[in-house]
Amino acid sequence: MTLNRRELLKVVGASLASLAVPSLNWAAQSPKYYTLPPLPYDYDALEPSIDKLTMQIHHDKHHQAYITNAINLLKSDAKLLEMPPEKLLMDLSVVPEKDRQGVINNVGGHVNHTLFWEIMGPKGGGEPTGALAKAIDSRFGSFDKFQKEMSTKAATQFGSGWAFLVVTNKGELEVVQSKNQDSPIMNGQKPILGIDVWEHAYYLKYQNLRPKYIEAWWKVVNWKAVSEKAATAMKG
Ligand SMILES: [Fe+2]
């Protein structure tokens, strides 16, 4: 009997399926806190500020890699794997010392990027309104002064890292620089807005021109999302 191409593929597919081994428990059920959150908009939705290819690689590859690495670090201790990542970052003493830096890098990377996707969006930009606008004016003098401070901190972060707008443990707004994937959560601060200044966030489109990327990034900030985060963080 001679099979045509379609029939042959069917047979091969069936044979391969019969060979499939059930996944091992931890891999079978994606850990609750360690799955890649879907991007809340299309890959090209932030064009022209952030290009489609950068978004694809950044979200699907870089963010996924932090998640995969975090799972590999935590999977031997179910208690750690089942803890909310923010809680883990708040108390790193529960993590064995040999794994601590890896957790800072990878759980931090997961948490930072989750925030990053949420605080951007198409039709973003402009300025916040309401309580957040008032809090920014009161803390920084004006929105322009705040924007300048955050842009400067993002531009001058040496090497890879972030600039964040955080709510401190005293309930005040502050702009902080952060190296690598260090999360402000480790310092008791609640990040409500963050700009990723790792080269993977902008190099395809902006090459060495980080300030140009920062300028364009403000046009995709979703202030509604940031305001909601601010309200929650200020409530404590
Ligand atoms: Fe990133």
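This report covers the fold, the helix packing, the sheet and some backbone details of one chain.

## Overall fold

The model is predicted. The chain has 11 helices and three strands. Along the sequence the pattern reads α-α-α-α-α-α-α-α-β-β-β-α-α-α. Of the 236 residues, 32% are buried. Among the contacts with a separation of 6 or more, 68% link residues 24 or more positions apart.

## Helix packing

Two helix pairs are described here. The table sets out their geometry.

| Helix pair | Closest approach of axes | Crossing angle |
|---|---|---|
| Helix 3 (52-74) and helix 6 (97-118) | within 9 Å | roughly 140° |
| Helix 8 (143-156) and helix 10 (210-217) | within 9 Å | roughly 145° |

Take helix 3 and helix 6. Their axes cross at roughly 140°, and the two helices are therefore oblique to each other. The crossing is left-handed. Its residues divide into seven nonpolar, eight polar and one charged. On the helix 3 side the contact uses His59, His63, Tyr66, Ile67, Asn69, Ala70 and Leu73. Helix 6 contributes Asp99, Gly102, Val103, Asn106, Val107, Gly109, His110, His113 and Trp117.

Now helix 8 and helix 10. Helix 8 passes helix 10 in a right-handed crossing. From helix 8 come Ser151, Ala154 and Ala155. They meet Arg210, Pro211 and Ile214 in helix 10. By residue class, this contact holds four nonpolar, one polar and one charged.

## The loop before helix 3

A loop runs between helix 2 (25-28) and helix 3 (52-74), and Leu36 is found in it. What does Leu36 touch, beyond its neighbours within four places in sequence? Its contacts are His63, Gln64 and Ile67. Two of these names return from the helix packing: His63 and Ile67 in helix 3 also take part in the contact with helix 6. Tyr66 belongs to that contact as well. The C-alpha atoms of Leu36 and Tyr66 are separated by 9.6 Å, with their positions 30 residues apart along the chain.

Is Leu36 buried, exposed or partly exposed? Leu36 has 17 C-beta neighbours inside 10 Å, so it counts as partly exposed.

Pro48 lies in the loop between helix 2 and helix 3, too. The peptide bond that joins Glu47 and Pro48 is cis, with omega about 0°. As background, most peptide bonds are trans.

## The sheet

Three strands form an open sheet in the order 2-1-3, and the pairing is antiparallel. Strand 2 (173-179) and strand 3 (190-196) stand at the edges. Each has a single partner strand, so one side of each is left without a neighbour in the sheet. From one strand to the next, the twist averages 25°. In general, strands of a sheet pair through backbone hydrogen bonds.

Strand 1 (residues 161-167) pairs with both edge strands. Seven bridges join strand 1 to strand 2. One bridge sets Leu165 against Val175 in strand 2. Strand 1 and strand 3 pair over six bridges, again in the antiparallel sense. Here Ala163 stands opposite Ile195 in strand 3.

Why is strand 3 described as largely enclosed by the rest of the structure? Seven of the seven residues of strand 3 are buried, and therefore the strand is largely enclosed. Strand 3 thus combines an edge position in the sheet with burial of its residues.

## Positive phi angles

Most residues other than glycine have a negative phi. Two residues in this chain depart from that pattern. Asn180 has a positive phi of about 50° and is not a glycine. Gln207 is not a glycine either, and its phi is positive at about 45°.

Where do these residues sit? Asn180 is in the loop between strand 2 and strand 3. Gln207 is in the loop between helix 9 (203-206) and helix 10 (210-217).

Their surroundings can be read from C-beta counts. Asn180 has 16 other C-beta atoms within 10 Å, so it is partly exposed. Gln207 has 11 C-beta neighbours inside 10 Å and therefore counts as exposed.

Terms used: Residues numbered from 1 in each chain as written. Predicted model: local features only at pLDDT ≥ 70, side-chain atom pairs only at ≥ 80, totals over all residues. Helix = DSSP H or I, 4+ residues; strand = E, 2+ residues; numbered from the N terminus. Buried ≥ 20, exposed ≤ 12 C-beta atoms within 10 Å, placed from the backbone. Contact = placed C-beta atoms within 7 Å. Axes fitted to C-alpha atoms, helices over the stretch in contact; angles between N-to-C directions. Parallel < 35°, antiparallel > 145°, perpendicular 65-115°, else oblique. Left-handed = near helix turned anticlockwise from the far one by under 90°. Nonpolar A, V, L, I, M, F, W, Y, C, P; charged D, E, K, R; others polar. Pairing = 2+ DSSP bridges.
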